[in-house]
Amino acid sequence: AMAATSRHEYEMKMKCKKAAASSTDPIELLRLKCLERGANGIKGLGRTFRIMDDDGNKKLDYREFQKGIFDYGLDLEPEEIKDMFKKFDTDNSGTLDFDEFLKALRPPMSKARKSIIMKAFHKLDKSGDGIVTVDDLKGVYSAKQHPKFRNGEWTEEKVFLAFLTNFDSPDDPDGKVT
């Protein structure tokens, strides 16, 4: 029998394939086309675009965008690709800001999920100042079981900073999560 997770993955792919066939929103269509490839489909497209960003400016022009779609193997009509680019290019600059593009592509979060995230944030934010720092993590998150702490490679502080990095702003990591 198929494992529950791979069955869930298969069902999601089929659901997305079916929805993509009738989608009229360019952003939704691209999202569904990515998710047809599995739960990490959007991440995979992100990786492809990072590689496609020839000049490394974290922006994609139309040519890079089109090539990224093609290289990722998404089956889209030229007109659909044009519509997608226009829809993502909100400031009509002729380029897409990379992080904005991926943010727009991510499915919207449900109220329940947002609520869980806020509860987790408030639990971590010991000082209650709206910022989670290394000091807030002490006593909430244990570094003792981390493999690099156990082998002496990292200090407790380094483990906490590495944990915070997962949630920090990629363009301006400061060890503070808001």
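Which elements each supply at least two residues of the lining of the second largest pocket? Helix H5 (78-88), strand E2 (95-97) and H6 do. Keep in mind that what you're looking at is a predicted model.

## The second largest pocket

This pocket has a volume of about 190 Å³. Its lining is made up of 14 residues, and those closest to its centre are Phe88, Asp89, Thr90, Asp97 and Glu100. Sort the lining by class and you get six charged, five nonpolar and three polar residues.

## The largest pocket

The largest pocket comes out at about 1700 Å³ in volume. If you want to find its centre on screen, go to Arg106, Met109, Arg113, Ile117 and Asn166, which are the closest to it out of 40 lining residues.

Five helices give two or more residues to this lining: H1 (4-22), H3 (41-52), H6 (98-105), H7 (111-124) and H10 (156-165). H7 puts in the largest share, with seven residues. As for chemistry, the lining of the largest pocket has 19 nonpolar residues, along with 14 charged and seven polar ones.

## Where H2 meets H3

Now for how the helices pack. Helix H2 (residues 26-35) and H3 have axes that come within 7 Å and cross at roughly 100°. That crossing makes H2 roughly perpendicular to H3, because angles from 65 to 115 degrees get that label.

On the H2 side, the contact uses Leu30, Arg31, Cys34 and Leu35, while H3 brings Gly41, Ile42 and Leu45. Five of the contact residues are nonpolar, one is polar and one is charged.

## Where H2 meets H6

H2 also packs against H6, here at an angle of about 80° with the axes 9 Å apart. So H2 is roughly perpendicular to H6 as well.

From H2, the residues in this contact are Ile27, Leu30, Arg31 and Cys34. H6 answers with Phe101, Ala104 and Leu105. The class tally for H2 with H6 is six nonpolar, no polar and one charged. Leu30, Arg31 and Cys34 turn up in the H2 contact with H3 and in the H2 contact with H6.

## Aromatic pairs

The model has three aromatic pairs. One of them joins Tyr62 and Phe85, whose ring centres sit 5.3 Å apart. Their planes are at 85°, and planes over 60 degrees apart count as edge-to-face, so that's what this pair is.

What does the pair tie together? Tyr62 lies in helix H4 (residues 62-71) and Phe85 in helix H5, so the two rings link parts that are 23 residues apart in sequence. H5 is also one of the elements that line the second largest pocket.

Notes: Residues are numbered from 1 along each chain as its sequence is written. This is a predicted model: local features need pLDDT of at least 70, side-chain atom pairs count only at pLDDT 80 or more; totals for chains, interfaces and linings use all residues. Side-chain values use heavy atoms; hydrogens and water are left out. On a 1 Å grid over the protein atoms alone, a cavity is a set of points where a 1.4 Å probe fits but cannot get out, and a pocket is an open set with protein on both sides within 12 Å along at least five of seven lines; lining residues have an atom within 4 Å of a point. Grid points are joined across faces, edges and corners, and a volume is the space filled by probe spheres set on the points. Helices (H or I, at least four residues) and strands (E, at least two) are DSSP runs, numbered from the N terminus. Ala, Val, Leu, Ile, Met, Phe, Trp, Tyr, Cys and Pro count as nonpolar, Asp, Glu, Lys and Arg as charged, and the others, Gly among them, as polar. Axes are lines fitted to C-alpha atoms, for helices over the stretch in contact, and angles run from 0 to 180 degrees between N-to-C directions. Angles under 35 degrees count as roughly parallel, over 145 as roughly antiparallel, 65 to 115 as roughly perpendicular and the rest as oblique. Contact means heavy atoms within 4.5 Å. Rings of Phe, Tyr and Trp (its six-membered ring) pair if their centres lie within 6.5 Å; planes under 30 degrees apart count as stacked, over 60 as edge-to-face and the rest as tilted.
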